[in-house]
Amino acid sequence: MTDNMIPARRSQLPFYKTIPLFIEGKENEYILYKPAGITIQDMRVEENRLPHALFIRRGDKMRGIQETQEAFNLQLMSYMKTAEPARIKETVVSIVEETLSEPRSGSLEGIAGTLDILISDYAKESRIVTHLLSISSSDYSTIIHSINVMAFALGFAFHCKLNYSETKALGLSALLHDTGKTKIPPDILKAPRKLTDEEFQVIQRHSIIGYNILKECRFTDPSICLAALEHHEKLDGSGYPEGKKNLHFFSQVIAIIDCYEALTNDDRLYRSSMPPIKALDILKNDVEKGKFDKNIFKDFAYSLVRDH
């Protein structure tokens, strides 16, 4: 394989239009398989009849992710109009998965379009965000966790009547708060047991890693980067990675939601998920200890029942 050519992601192949695809020939030569300007579907090639390996130019990698995001966003808009929650969540999962396959400037900003769709007036009226949380996944992952945290954060924003730009920034902050985990070894990230002290120190690095990734992006709102850095900090200074006490408002919101989502949805072999009321009791206890803000916690609790 030459330095200029890289394997194409199978999941992105149907969405490449401006990007040519190549097959590998003899002696490191690459032969054009699909020219720019058409898609695989345009060529009427069935997925199971595609070549075993297809390649793209390295310089086309980021555009490939962006084309995939754009295509999934069009699907998302369609499912929003027909109110299909299961397909909406499936599509959002696909968008986030493809975005985090290359978490850097150019791909991470592209997901802002997804938030525009999810915080539309229609989303508020149809309770789509609430429905997203009711659809579970058999493959719980950082991606599912991040989407759930985003949905809770948008519910919080709607309850508190934040304006459009604030709601979008909070949603992006929530969706991207664990970006740094994409750089944590999978055997530690998915360990089906309690982590050792050394492994937990590795996990803790995800806050700084995520911050460093996001600060290189072209986000105009600094809260998106700060949430990645501060979402494990506590107001009493007992959190990590820096033991900070003066925290951004969005960071405090996501810190509470992050804990709540993990307690109620994150089934692990060494700890079962718990009912919402018990999780809220645990968080309330942390509020009383000075770890979380009382008013933010109260607004979050009310946001959980805002539609009842």
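**Exercise 1.** This is a predicted model, so let's warm up with one residue: is Lys161 buried or exposed?

*Solution.* Start with the number: Lys161 has a relative accessible area of 72%. Anything over 50% counts as exposed, so Lys161 is exposed. Next, find its place in the chain: Lys161 sits in the loop between α6 (142-160) and α7 (164-175). Finally, check the backbone: Lys161 isn't a glycine, yet its phi is positive, at about 60°. Most residues other than glycine have a negative phi.

**Exercise 2.** Work out where Ile56 lies and which residues it touches.

*Solution.* First, Ile56 belongs to strand β4 (residues 55-57). Second, its relative accessible area is 2%. The cut-off for buried is under 20%, so Ile56 is buried. Third, look for contacts, skipping residues up to four places away in sequence: Ile56 touches several, among them Met5, Tyr16, Leu21 and Lys61. Take Leu21: it is 35 residues from Ile56 along the chain, but their C-alpha atoms are separated by 5.3 Å.

**Exercise 3.** Explain why the buried residues of helix α9 lie on the same side.

*Solution.* Begin by picking them out: in α9 (residues 197-204), Glu199, Val202 and Ile203 are buried. They share a side because they cover an arc of only 100° around the axis. A general rule helps here: an α-helix has 3.6 residues a turn, so residues three or four places apart point the same way. Now see what they meet: the buried residues of α9 pack against α8 (186-189) and α10 (206-214). On the face turned away from that buried side, you'll find the exposed residues Asp197 and Glu198.

Methods. Residues are numbered from 1 along each chain as its sequence is written. This is a predicted model: local features need pLDDT of at least 70, side-chain atom pairs count only at pLDDT 80 or more; totals for chains, interfaces and linings use all residues. Side-chain values use heavy atoms; hydrogens and water are left out. Helices (H or I, at least four residues) and strands (E, at least two) are DSSP runs, numbered from the N terminus. Buried means under 20% relative accessible area, exposed over 50%, partly exposed in between (1.4 Å probe, protein chains only). Contact means heavy atoms within 4.5 Å. The arc is that of the directions from the helix axis to the C-beta atoms.
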